[in-house]
Amino acid sequence: GEGGEQNAPLGRAVIGGLAMATLVTLLVVPVVYAQWRRRPPNRGRLDADFAASLEPDADPTLRSAT
C-alpha cells in the first residue's frame with residue numbers, strides 16, 4: 001500500500017532487534033551467569049574486609065550502615 005516502501009526498513013529493524021534480544025536473553029545471559037557462578041568467592045578478601053570493619057579506626061567506607 002501507500003507508504004509501505006518507507007515502513008519496510010523500520011519493520012526489518014524492529015524484527016531484527018527482537019530476534020537478537022531473544023537470542024541474547026535465551027543463550028548469552030544464561031551462559032554468562034553460569035560462568036560467573038562457577039568462580040568461588042574470595043573468602044580471604046571477605047574475611048579481611050570484615051575484620052577491618054570491626055576496628056575502631058577502620059576506613060568508614062568499609063563499615064556497613066547500621
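Buried residues account for 5% of the 66 residues in this protein, which is presented here as a predicted model. The fold comprises two helices and zero strands. The accessible surface amounts to about 6,100 Å², and carbon and sulfur atoms contribute 63% of that area.

**Nonpolar surface patch**

- A nonpolar patch of about 740 Å² lies on the surface; its members are M20, L23, V24, L26, L27, V28, V29 and V32.
- One of these patch residues, V24, belongs to helix α1, which spans residues 4–38.
- V24 has a relative accessibility of 35% and therefore counts as partly exposed, since the partly exposed class runs between the 20% limit for buried and the 50% limit for exposed residues.

**Aromatic pair**

- The structure contains one aromatic pair.
- The pair is formed by Y33 and W36, whose ring centres are 5.8 Å apart.
- The planes of the Y33 and W36 rings meet at 50 degrees, so the pair is classed as tilted; stacked pairs have planes under 30 degrees apart, and edge-to-face pairs over 60.
- Both Y33 and W36 are located in helix α1, where a spacing of three residues, about one turn of the helix, separates them.
- Y33 has a relative accessible area of 48% and is therefore partly exposed.

**Threonine 25 and its backbone contact**

- T25 is also a residue of helix α1.
- With a relative accessible area of 51%, T25 counts as exposed, because the exposed class begins over 50%.
- The T25 side chain reaches the backbone oxygen of A21 at a distance of 2.7 Å.

**Helix α1 in brief**

- Helix α1 holds V24, T25 and the two partners of the aromatic pair, Y33 and W36.
- Of these residues, V24 is partly exposed, Y33 is partly exposed and T25 is exposed.

Note on methods. Residues are numbered from 1 along each chain as its sequence is written. This is a predicted model: local features need pLDDT of at least 70, side-chain atom pairs count only at pLDDT 80 or more; totals for chains, interfaces and linings use all residues. Side-chain values use heavy atoms; hydrogens and water are left out. Patches are made of residues with over 30% relative accessible area and no salt bridge: like charges are joined within 9 Å, nonpolar side chains (Val, Leu, Ile, Met, Phe, Trp, Tyr) within 5 Å. Accessible areas come from the Shrake-Rupley method with a 1.4 Å probe; for residues, only the protein chains shown count as cover. A salt bridge is a side-chain nitrogen of Lys or Arg within 4 Å of a carboxyl oxygen of Asp or Glu. Helices (H or I, at least four residues) and strands (E, at least two) are DSSP runs, numbered from the N terminus. Buried means under 20% relative accessible area, exposed over 50%, partly exposed in between (1.4 Å probe, protein chains only). Rings of Phe, Tyr and Trp (its six-membered ring) pair if their centres lie within 6.5 Å; planes under 30 degrees apart count as stacked, over 60 as edge-to-face and the rest as tilted. A polar contact is a pair of N or O atoms within 3.5 Å; within protein, one must be able to donate a hydrogen and the other to accept it, and residues adjacent in sequence count only if both atoms are side-chain atoms.
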